[in-house]
Amino acid sequence: MKYDMNTFDPGKILVSPSLLAADFSKLGEQVAEAEAAGCQLLHLDIMDGHFVPNLTFGPALVKALRKDSGMLFDVHFMLTDPIKYVKPFADAGADLITFHIEANGNPADTIAEIRKHDCRVGLTLKPGTPAEAVFPWLDQVDMILVMTVEPGFGGQSFMENQIPKVAAIFAEIKKRDLPVFIEVDGGIDAKTAPGIVSAGADVLVAGTGVFRAPAGMKAATQQLLSLSDLLPAR
């Protein structure tokens, strides 16, 4: 099955496992297992070694994984000049491209470029950036990604002080009655997820919490999916 944002149930948690935490020696098998476990999205962190101090994947990897997966490819640009890379990743199979409000360029231009290539648009912000920075763009995007760690490396501890930011973004989306998802990324697992879900986050990026879960991917995913009852009403 090929997932897209039109197939997602409103008011239900979605889990987007971060490929950074997968076993790189068997990526295809890991992605297939995550999909079978109930994950409808796959989170792909694209880092340039400049915007953040790490390097990760290029379009070739996205294209290789696209052949065998129906998951929505949730591509998170941690790039200084995101507009330059929209076309290569869209051509490789990205479905949703999220870029940072702190990156170079006018966000309106990057949004237009992503739409031009028939991808959904996400906008993200670092922990130190206030919620209000994304408010002018809420009616132009499909998702807001709140980083709950400093972007750049996996396996960091969840920053609880980002919960009020999620709540503020949720309140603004609700006030304006916008169909915008709120995604959170960083240190998300069964222990940290309830608080952030209660604040309004409905898409959970969990790398270590899914790919390296001691109980296995299916049990970890189902535990996160079961938190839907905690979501506040829109």
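This report walks through the sheet and helix 1 of a predicted model.

## Ground rules

Residues are counted from 1 along each chain as its sequence is written. Because this is a predicted model, local features need pLDDT of at least 70 and side-chain atom pairs count only at pLDDT 80 or more, while totals for chains, interfaces and linings use all residues.

## The sheet

Let's start with the strands (DSSP runs of E, at least two residues, numbered from the N terminus). There are 8 of them in an open sheet, and they run in the order 1-8-7-6-5-4-3-2 with parallel pairing. Two strands count as paired if DSSP finds at least two bridges between them. At the edges sit strand 1 (14–16) and strand 2 (41–47), each pairing on one side only.

For a look inside the sheet, take strand 6 (residues 143–147) and strand 7 (residues 181–185), which pair in the parallel sense over 5 bridges. Met143 has Phe181 in strand 7 as its bridge partner.

## Helix 1 and its two sides

Helices here are DSSP runs of H or I, at least four residues. In helix 1 (residues 27–36), the buried residues (under 20% relative accessible area, 1.4 Å probe, protein chains only) are Leu27, Gln30, Val31 and Ala34. They cover an arc of only 100° around the axis (using directions from the helix axis to the C-beta atoms), so they lie on the same side of helix 1. Over on the other side, Glu29 and Ala36 are exposed, meaning over 50%.

What covers those buried residues? The cover includes strand 2, helix 2 (59–66), helix 7 (208–211) and helix 8 (217–225). Just after helix 1, Gly38 takes a positive phi of about 115°.

Note on methods
Heavy atoms only, no water. Contact = heavy atoms within 4.5 Å.
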